[in-house]
Amino acid sequence: MIDVEEREGRARSSPERPFLSIENLSVSFNTEDGVVQAIDGVTLTLERGKTLAVVGESGSGKSVTAQAIMGLVKSMGGHVSGEIWLDGQELNGLESDEVQALRGSEMAMIFQDPMSSLHPFYRIGDQIVEAILAHRKIGKAAARKETLEMLKHVGIPAAERRIDAYPHQLSGGMRQRVMIGMALINSPQLLIADEPTTALDVTVQAQILELISTLKEEFGTTVILITHDLGIVADVADDVAVMYGGRLVEVGSTSVIYDGPEMPYTLGLLSSIPRMDRELPKRLDPIRGNPPSPINLPPGCVFQPRCNYSDRVRDGACLSVRPELLPTAPDHLVRCHLPAEERRQISEDVRRILAGASQ
Amino acid sequence: MTAAPREILRVTDLRTYFPVRSRGLIPRVIGQVKAVDGISLTLNTSETLGLVGESGSGKTTAARSILRLIKPTGGQIELDGTQIANLSQGALRPIRRKAQMIFQDPYNALNPRHTVGGIISAPFRIQGVEPPGGVKAAVQELMERVGLNPEHYNRYPNEFSGGQRQRIGVARAIALRPMLVVCDEPVSALDVSIQAQMLNLLKDLQEEFAIAYLFVAHDLAVVRQISHRVAVMYLGHIVETTTRPILYSAPLHPYTHSLLSAVPVPDPKIQMKRTRIVLQGDVPSPIDPPSGCVFRTRCFQAQERCAVEVPPLLEVAPDHKVACHFPIAAADVAASVRAGQLNVPATDPDAPEHPVEGVHFIEPGPPHG
């Protein structure tokens, strides 16, 4: 379940934090062209064993959020403020070597391109063994045995032979499996998957998603899935956080986001995708315009320049006043100036038009 | 622009092989990658043929061979009445204005040192065409048509976002009013909201200029949105080809079935009910393709005969060709629809009013939601 922090403080007396709790996380980078506010005040929580999907287009800040959790932003020259609590430990205040000790053991990450985490010069078995030895004091032979087990586990055929293969000798789907195996080898509590299937064909994508959800059940891993594909979100996520222009704009359980999205951006995303389960519309109904530049974000609502409904808000508040991320229903937060009834009406109308096609 | 559709492209038995050379001081040709191995297709004006398949299926090689960006090994390509498969580059040049291409990567398809105006006016310069009113006016009109600000004529590609760059690519492709535009994954590098804008733009341009598209893509939902007919490729072969409504509601080839069932649907309720056909493994190496049917190593229907005999692409019904010894029967399709394995749209505006008899008959899918 996801909740805003203040509300949580009021509602619950127990001081215990949820498994992952991100509080007011902001990341900025200084560039030649000015300060890039990559993410701005992200606050969310995630229960142990759940899957959270972070959805957004390029430049929305979804990958930077993941990198900030993994402690990778500072080395890239970014400024991080806010708090990241993982299993009772605050990560943002830690020294880089302390974060490094957690990376790979407590939390692990898989990427879109497997070659970004596999070294092309070393055999895949040796790379996984190295990952084990970096965090645990066990013998090399035992580590190799464990590696072989893991390769079988993630579905590498002829693992006895493939353990000595180089990455280039494997297919894309197979490399993805090796990378997942390497990420899970030290039983991390948190697995962050950044667009894990974007580079794969649909048939292989189906295999990898199945693998991630089986492994998640088996190891009880908490997963953050970063993606732009609303199709795979519907498949695997418990909760969904929609990001736009570096801010969370809508957060809720997966069923809430798909059945009753209220933020115009989420609605726009849902109406932009061509769907196979619906009657063919003559034209798609995309969001107009282009995403904002992260150097020069609109002063009010970040989505205002592309929003079809901002003229319905009084006093042009969308242009000048930043909306807050506020609860609209249990388990559902929305950042929008429109009154709740109006948002629901718009959402209903849009969804009726979309579904109307299937009647 | 309401002329009757006429055939502008006929590809017959197109083959494109790449030699595999041995290592060493004097490389010898030791084998061949049959990237495209005998495909045939036709295309009319104002029509879109979707060419789908996984990576390594040969769809991009086929598209590039048809435009003669790669020299095909064999077969015929007839573009608007001219055989172009064996023409020299010089003889091809005047023909190039009839067929253009839109590329996948809007970042690499544009020269970063040329202005947008220079990029879009290149076809006029190269072909020696002087449009009435001058090149600059024509280019600015094109920019306006594809949704770019004509005042940005002197800007460089790096000043534009991915979606805008793709619009530049589209403007360049349609500059000389080609009959055929080959689109190689034109939207797969774009964000979903921009992708939808681009699909709408391509559709509008087709209506306006009667362009024929050969639309190469791996995303079946995108292909459904834009195509009139679809051909499914696997390891250099077309395994099934038919009209869009039939391909998406009553496919016969097991590969088409598994592709359709692998596409995730953005609705958790539908997703929960579906049982997927998950194919095992990857596409085999085209250097050493399987004997008999190329798909048999991953096929859930495969039997002994498939390893021995290559299934020919047969017309099993009007406008429906399939290359399979054991195509999935209509009854099985209906059963898998009922079991939720296939998601079939309830109705398709272009579907024949009475379902074609025989293999195409299929029960309407379950109501969604």
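Buried residues of helix H6 of chain B are a good place to start: Val192(B), Ser193(B), Ile194(B), Gln195(B), Ala196(B), Gln197(B), Met198(B), Leu199(B), Leu202(B) and Gln206(B). Buried here means that 20 or more other C-beta atoms, placed from the backbone, lie within 10 Å of a residue's own. This is a predicted model, in which local features need pLDDT of at least 70, side-chain atom pairs count only at pLDDT 80 or more, and totals for chains, interfaces and linings use all residues. Residues are numbered from 1 along each chain as its sequence is written, while chains are lettered from A and ligands numbered from 1 in the order in which they are written.

**Helix H6 of chain B**
- H6(B) covers residues 192–209, 18 in number; helices are DSSP runs (H or I, at least four residues) and strands are runs of E (at least two), numbered from the N terminus.
- From first C-alpha to last, H6(B) reaches 26 Å, close to the 26 Å expected at 1.5 Å a residue (1.5 Å times one less than the number of residues).
- The buried residues of H6(B) pack against H11 of chain A, and also against strand E3 (48–52), helix H5 (162–174), strand E8 (212–217) and helix H7 (220–226) of chain B.
- After H6(B) comes Ala210(B), with a positive phi near 55°.

**Where the chains meet**
- In chain A, 40 residues are in contact with 44 residues of chain B (C-beta atoms, placed from the backbone, within 7 Å).
- Helices H8 (202–219), H9 (230–236), H10 (254–259) and H11 (264–272) of chain A each supply at least two residues of the side touching chain B.
- H8(A) gives the largest share of that side, 7 residues.

**Domains of chain A**
- An automatic or database assignment gives domain 1 (116–187) and domain 2 (257–356).
- The centres of domain 1 and domain 2 of chain A, taken over C-alpha atoms, are 43 Å apart.

Conventions: Two residues are in contact if their C-beta atoms, placed from the backbone, lie within 7 Å. A residue is buried if 20 or more other C-beta atoms lie within 10 Å of its own, exposed if 12 or fewer, and partly exposed in between; C-beta atoms are placed from the backbone.
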